[in-house]
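Biologist: Got a minute to go through this one with me? I'd like to begin with how the two chains meet.

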Amino acid sequence: MSYFWTLLIYGVLVGALYGLVAIAFALIYKVSRVINFAQGEMMMLVAYIAYSIALVTDGNLYIQIATIIAASVVIGAIIERVIVRPMLGRSTFSIVMLTIALAVFVRAFVGLFWDTDSHRYPIAVGGEMVSIFGVTFLVSQLVLLAIFFATCIGLWAFLKYTIAGIAMRATASDPAVTMLMGISVKRLYSIAWVISAVISGMAGVLYANIYHVGPSIGSIGTRAFPAAILGGLDSVLGAGIGGIIIGVVENLAGGYIGSGYKEIAGFVVVLIVLMFRPYGLFGERQIERV
Amino acid sequence: MLKSGPSSGELGGSAPVAAARAGLEVANAQIFYDSHVEAVRDISFAVPPGQIVCLLGSNGAGKSTTLKAISGILFPEKGMLVSGSITYDGRRIDRVEADEVVRGGVVLVPEGRRLFINLTVEENLLVGGISRSAADRRAQLERVYDQFPELPEHRHRISGYLSGGQQQMVAIGRALMSNPTLLMLDEPSLGLAPKIVDSIFEAIVQLRSNDMSVLLVEQNAHLALSVADFGYVMERGRIVFDGSANDLMESPEIQEFYLGMNASKQRKSLRHVKHYKRRKRWLS
């Protein structure tokens, strides 16, 4: 397998991780027009909780999965109910500032409650190596890719074909009128935050499983945000594709230009794309009657 | 007839006859924006079951604010009902969430249609029926398509690209999806061609024959009174006239100030109409 293809495939694997977090960004933005800058920290918190549970349960997979989902649901619901909902009606800027404060708080909390060191994730499965077309992967990397595609297709179908999904898209368009249809907008916001927390929580644990558990997980949010912008903040599927593009571009830049360029390559692509498509690659254009 | 406060109109007229259900009753409602801007002052009116009642008045009279208060969506605009009450079929609805008002059978078609413009026609309609079961929603969707035969051919089109008249049909159809017993329409004729307006108003009249009440807010007084059973006229947040549609049509005051006609029922010139504010007797 050529160097290029190896970089490309590993870029896709990293991009799948960015894509999951970007989808979480996009879902919240799509429904409530809020950018949750604590997304990375939420995934870090779930990863640490799952790590602690894994230590005491000897890495039992089923307990792991249940823990990840339960912790994510609780974290998403609490943040929406306690922090975001009281701010409804205030300016979006205020809510975004609040999510930044939340990010700082979660980072500090994790440092105090656990520690600031990196740890190997003690899970019992996914550590085996497999070789496909001459490229060697961890099984857990393939699991990540499978979860990414399943999330993309599942969310797309949910938003397109279910009445709750259509209601979420309607809320994004006009929340006041959505209320006039008998829809509880608060409940929809809550559902969006919970789904988003579960997706980013899964991403956090998958990252921890492949690499390590540590405070650096929080920075994945910062890397995934340009992916959401690139795909279109209001396009869930677009955000996922944006993640793959950023992952591939980062890997190619790191491999061919130098590892120092890896960090900025994604942002350069975002800048170029936004100059021509300000709403992102797959973002919805606003329809205006003239 | 409910008294419309101290400034109750001079026409009186026959009161709407209430059936077994109580319908909508707004009693001494006072609405403020931002806690200090009074938009509606001590208004009272009723919409009995199965009748079309219109709220007339110029811009800023408080008509849309009244509809928003009934629908429970004053809060996002920092509005508040500070006194009085709003009841529907005997149950207070002024302290419940908007979604509960809809489930209670009261639905508003907002001014300017306000469709979910990135959703298709059918998706807009389905969202309107979200409070119903999936089977009921499908059945009601077919009924709406029967009511507006033009819509099925556009069901998969993005609603933002429809004409104004088609959008208004979707907006009314979307409201009908929840099977309301009281439909409130805010300026349904706004920005539409006269021919389209006629077909929209035909549909509104048809709704009454389905035993639905309609509260119609409209600046086009002639059009509104031509389909309504009863009317209320608002000015600067107060109800200044009320009466049956026929009485209001015949009233020299209404003819002069809202229908633009003189005593001999001739259209007045723009020059005469322009001075109407100065000559309004009930506000002096």
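Modeller: Sure. Buried area here is the accessible area (1.4 Å probe) that two parts lose on being put together, summed over both. This is a predicted model, where local features need pLDDT of at least 70 and side-chain atom pairs count only at pLDDT 80 or more, while totals for chains, interfaces and linings use all residues. Residues are numbered from 1 along each chain as its sequence is written, chains are lettered from A and ligands numbered from 1 in the order in which they are written, and side-chain values use heavy atoms, with hydrogens and water left out.

Biologist: OK, so what area is buried between chain B and chain A?

Modeller: About 2,500 Å², and carbon and sulfur atoms give 64% of that. In chain B, Phe116(B), Asn118(B) and Ile130(B) lose the most area to chain A, together 23% of what that side buries.

Biologist: And how many residues are in contact?

Modeller: Taking contact as heavy atoms within 4.5 Å, 32 residues of chain B touch 24 residues of chain A.

Biologist: Which elements of chain B supply at least two residues each of the side that touches chain A?

Modeller: Helix H2 (98-103), E6, helix H3 (121-128) and H5 of chain B. Those names are DSSP runs numbered from the N terminus: helices are H or I with at least four residues, strands are E with at least two.

Biologist: How many salt bridges across the interface of chain B and chain A?

Modeller: Three, counting a side-chain nitrogen of Lys or Arg within 4 Å of a carboxyl oxygen of Asp or Glu. One of them joins Asp174(A) and Arg114(B), at 2.8 Å, N to O.

Biologist: Switching to the folds. What is the strand order in the six-stranded open sheet of chain B?

Modeller: E6-E7-E8-E3-E9-E10, with mixed pairing. Two strands count as paired if DSSP finds at least two bridges between them. The edges are E6 (106-109) and E10 (238-244) of chain B, each pairing on one side only.

Biologist: Which helices pack on that sheet?

Modeller: H5 (residues 164-176) of chain B touches E6 and E7 (182-186), and its direction makes about 170 degrees with that of E6(B). H6 (residues 194-209) of chain B touches E3 (52-57), E7 and E8 (213-218), at about 150 degrees to E8(B). The axes are lines fitted to C-alpha atoms, for helices over the stretch in contact, and angles run from 0 to 180 degrees between N-to-C directions.

Biologist: How do E9(B) and E10(B) run?

Modeller: Antiparallel, joined by six bridges. Gly231(B) has Gly243(B) as its bridge partner in E10(B).

Biologist: And the four-stranded sheet, what order is that?

Modeller: E2-E1-E4-E5 of chain B, open and antiparallel. Its edge strands are E2 (37-47) and E5 of chain B. Helix H1 (residues 63-71) of chain B packs on this sheet, touching E1, E2 and E4, with its direction at about 110 degrees to that of E1(B).

Biologist: What about the hairpin of E4(B) and E5(B), how many residues sit between them?

Modeller: Two, and Asp89(B) in the turn has a positive phi of about 50 degrees. Thr87(B) stands opposite Arg92(B) in E5(B).

Biologist: Last one, which residue takes a positive phi in the hairpin of E1(A) and E2(A)?

Modeller: Phe133(A), near 50 degrees, with two residues between the strands. Four bridges join E1 (residues 129-132) and E2 (residues 135-138) of chain A, running antiparallel, and Met129(A) stands opposite Leu138(A).
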